[in-house]
Amino acid sequence: MTKTLTDIDSLVGEPPLAASSTRDACTADSLMTPAEIRLLSALGFMAARCGHVVPAIRIFEGLAVLRKDKAFPYVGLALAMICVGAYGDAARVLRERGLLACPGDPEIEAYLGLALQLAGR
């Protein structure tokens, strides 16, 4: 499945910003603007899709620190693992980290179902 920028915006859950307001949008609790988070997220999904799993995992691990309460870093980690056939690891990340950070999140639950199905469980 190909991700579009609209898909990534919906995963990240932050509205797009005008280019001129990007730097002003930093908040006290964030080291990065929403636009920078979206860019890193897009790069992570592209890296995973192209088989560059280690950089993708590093990107999503960093995003999980910055956006602990959002689903997209955990989905990104799981997709990177799915791309290399590590279905059990993807399910573990979603179950143990994603659902812990975002209980009942439908996107995490959907990708958990996919990972479990691919793992044959």
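This is a short dialogue about reading helix H2 and its neighbours in a predicted model.

Biologist: What kind of model is this, and how are residues numbered?

Modeller: It is a predicted model, where local features need pLDDT of at least 70 and side-chain atom pairs count only at pLDDT 80 or more, while totals for chains, interfaces and linings use all residues. Residues are numbered from 1 along each chain as its sequence is written, and side-chain values use heavy atoms, leaving out hydrogens and water.

Biologist: How many helices and strands does the protein chain have?

Modeller: Helices (H or I, at least four residues) and strands (E, at least two) are DSSP runs, numbered from the N terminus. Here the protein chain has 6 helices and 0 strands.

Biologist: What span should helix H2 have?

Modeller: The expected span is 1.5 Å times one less than the number of residues. H2 covers residues 34–49, so its 16 residues should span 22 Å, and its end C-alpha atoms are indeed 22 Å apart. Just after H2, Gly51 has a positive phi of about 90 degrees.

Biologist: Which residues of H2 are buried?

Modeller: Buried means under 20% relative accessible area, exposed over 50%, and partly exposed in between (1.4 Å probe, protein chains only). In H2 the buried residues include Ile37, Ser41, Phe45 and Ala48. Across the protein chain, 41% of the 121 residues are buried.

Biologist: How do H2 and H3 pack, parallel or antiparallel?

Modeller: Two packed helices are described by the angle between their axes and the distance between the axes. Axes are lines fitted to C-alpha atoms, for helices over the stretch in contact, with angles from 0 to 180 degrees between N-to-C directions. Angles under 35 degrees count as roughly parallel, over 145 as roughly antiparallel, 65 to 115 as roughly perpendicular and the rest as oblique. H2 and H3 (residues 53–66) pack at about 150 degrees, with axes 8 Å apart. That makes H2 roughly antiparallel to H3. Contact means heavy atoms within 4.5 Å; among those taking part are Leu40 and Leu43 of H2, and Ile59 and Phe60 of H3.

Biologist: What about H2 and H4?

Modeller: The axes of H2 and H4 (residues 72–83) come within 8 Å and cross at roughly 15 degrees. That makes H2 roughly parallel to H4. Ile37, Ser41, Phe45, Ala48 and Arg49 in H2 meet Phe72, Gly76, Leu79, Ala80 and Cys83 in H4. By class, this contact has 7 nonpolar, 2 polar and 1 charged residues (Ala, Val, Leu, Ile, Met, Phe, Trp, Tyr, Cys and Pro count as nonpolar, Asp, Glu, Lys and Arg as charged, and the others, Gly among them, as polar).
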